[in-house]
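Work through the exercises below with the sequence and the model side by side. Try each task before reading its solution.

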Amino acid sequence: MVFAAVLSCYGLLPWLQCRPPRIVEPPRPDAARPGPLRRLNERILSAGSIQANTIPSGHAAGAVAIGLAVWSVFPAAGAVLLVIGLGISAATVLGRYHYLTDSVLGIAVAIAAWTF
């Protein structure tokens with residue numbers, strides 16, 4: 001189930017992709033000056049990333065699918081992992097790695113994979 005959710009996102013990358021908001025949009029005027037970890041992350045991304053995003057978000061689909069898979073067997077642990085997965089989904093939007101639509105579609109893919 002997790003493999004199906006993630007593969008359906010990353011398998012579409014050659015045909016369906018976008019550039020991440022951190023590249024396309026100018027920095028927000030209210031954004032704080034990036035700290036050393038953010039600057040390191042940006043250097044790694046500029047050197048090692050293909051500069052394209054999956055639509056739907058593979059981060060969101062994978063994280064939420066893991067939570068749903070575990071929830072089916074161990075509800076308490078699955079609930080914790082679902083909260084973490086939703087946090088990862090939100091962080092991809094707030095960190096400007098994905099658009100909100102990408103992450104919402106990733107969550108929908110995870111739910112669809114879990115349902116079927």
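**Exercise 1. Find what share of the residues in the protein chain is buried, and describe the chain as a whole.**

Solution. Buried residues, meaning those under 20% relative accessible area, where exposed is over 50% and partly exposed lies in between (1.4 Å probe, protein chains only), make up 32% of the 116 residues in the protein chain. This is a predicted model, in which local features need pLDDT of at least 70 and side-chain atom pairs count only at pLDDT 80 or more, while totals for chains, interfaces and linings use all residues. Residues are numbered from 1 along each chain as its sequence is written, and side-chain values use heavy atoms, with hydrogens and water left out.

Next, count the elements: the protein chain has 6 helices and 2 strands, where helices (H or I, at least four residues) and strands (E, at least two) are DSSP runs numbered from the N terminus. Their order from the N terminus on is α-β-α-α-β-α-α-α. Taken along the principal axes, the C-alpha atoms fill a box of roughly 45 × 35 × 20 Å. Finally, take the contacts (heavy atoms within 4.5 Å): of those with a separation of 6 or more, 79% are between residues 24 or more positions apart.

**Exercise 2. Describe how helix α4 packs with helix α6.**

Solution. Begin with the geometry: α4 (residues 58-73) and α6 (residues 100-115) pack at an angle of about 30 degrees, and their axes are 8 Å apart. Here the axes are lines fitted to C-alpha atoms, for helices over the stretch in contact, and angles run from 0 to 180 degrees between N-to-C directions. The crossing of α4 past α6 is right-handed, a term used when the near helix is turned clockwise from the far one by less than a right angle, with anticlockwise giving left-handed.

Then look at the residues that touch, which include Ala61, Val64, Leu68 and Trp71 of α4 and Gly106, Ile107, Ala110 and Trp114 of α6. Sorted by class, this contact has 11 nonpolar, 3 polar and no charged residues; Ala, Val, Leu, Ile, Met, Phe, Trp, Tyr, Cys and Pro count as nonpolar, Asp, Glu, Lys and Arg as charged, and the others, Gly among them, as polar.

**Exercise 3. Is threonine 54 buried or exposed, and which residues is threonine 54 in contact with beyond its neighbours within four places in sequence?**

Solution. Threonine 54 lies in strand β2, and it counts as buried because its relative accessibility is 5%. Leaving aside neighbours within four places in sequence, the contacts of threonine 54 are with Cys9, Tyr10, Leu13, Leu16, His98 and Asp102. Threonine 54 and glycine 106 are 52 residues apart in sequence, and their C-alpha atoms are 9.3 Å apart in space.

**Exercise 4. Locate the backbone features at glutamine 51, proline 56 and arginine 96.**

Solution. Keep a general background in mind: most residues other than glycine have a negative phi, and most peptide bonds are trans. Glutamine 51, in the loop between α3 (36-48) and β2, has a positive phi of about 60 degrees although it is not a glycine. Arginine 96, in the loop between α5 (75-94) and α6, also has a positive phi, near 65 degrees.

Their accessibility can then be set side by side: glutamine 51 counts as partly exposed at 25% relative accessibility, whereas arginine 96 is buried, with a relative accessible area of 12%. The peptide bond from isoleucine 55 to proline 56 is cis, with omega near 0 degrees, and proline 56 lies in the loop between β2 (53-54) and α4.

**Exercise 5. Place alanine 108 and alanine 91, and say how accessible alanine 108 and alanine 91 are.**

Solution. Alanine 108 is in helix α6 and, at 39% relative accessibility, counts as partly exposed. Its C-alpha atom is separated by 28 Å from that of glutamate 42, and these two residues are 66 residues apart along the chain. Alanine 91 is found in helix α5 and counts as partly exposed at 40% relative accessibility. Between the C-alpha atoms of alanine 91 and alanine 5, which are 86 residues apart along the chain, the separation is 19 Å.
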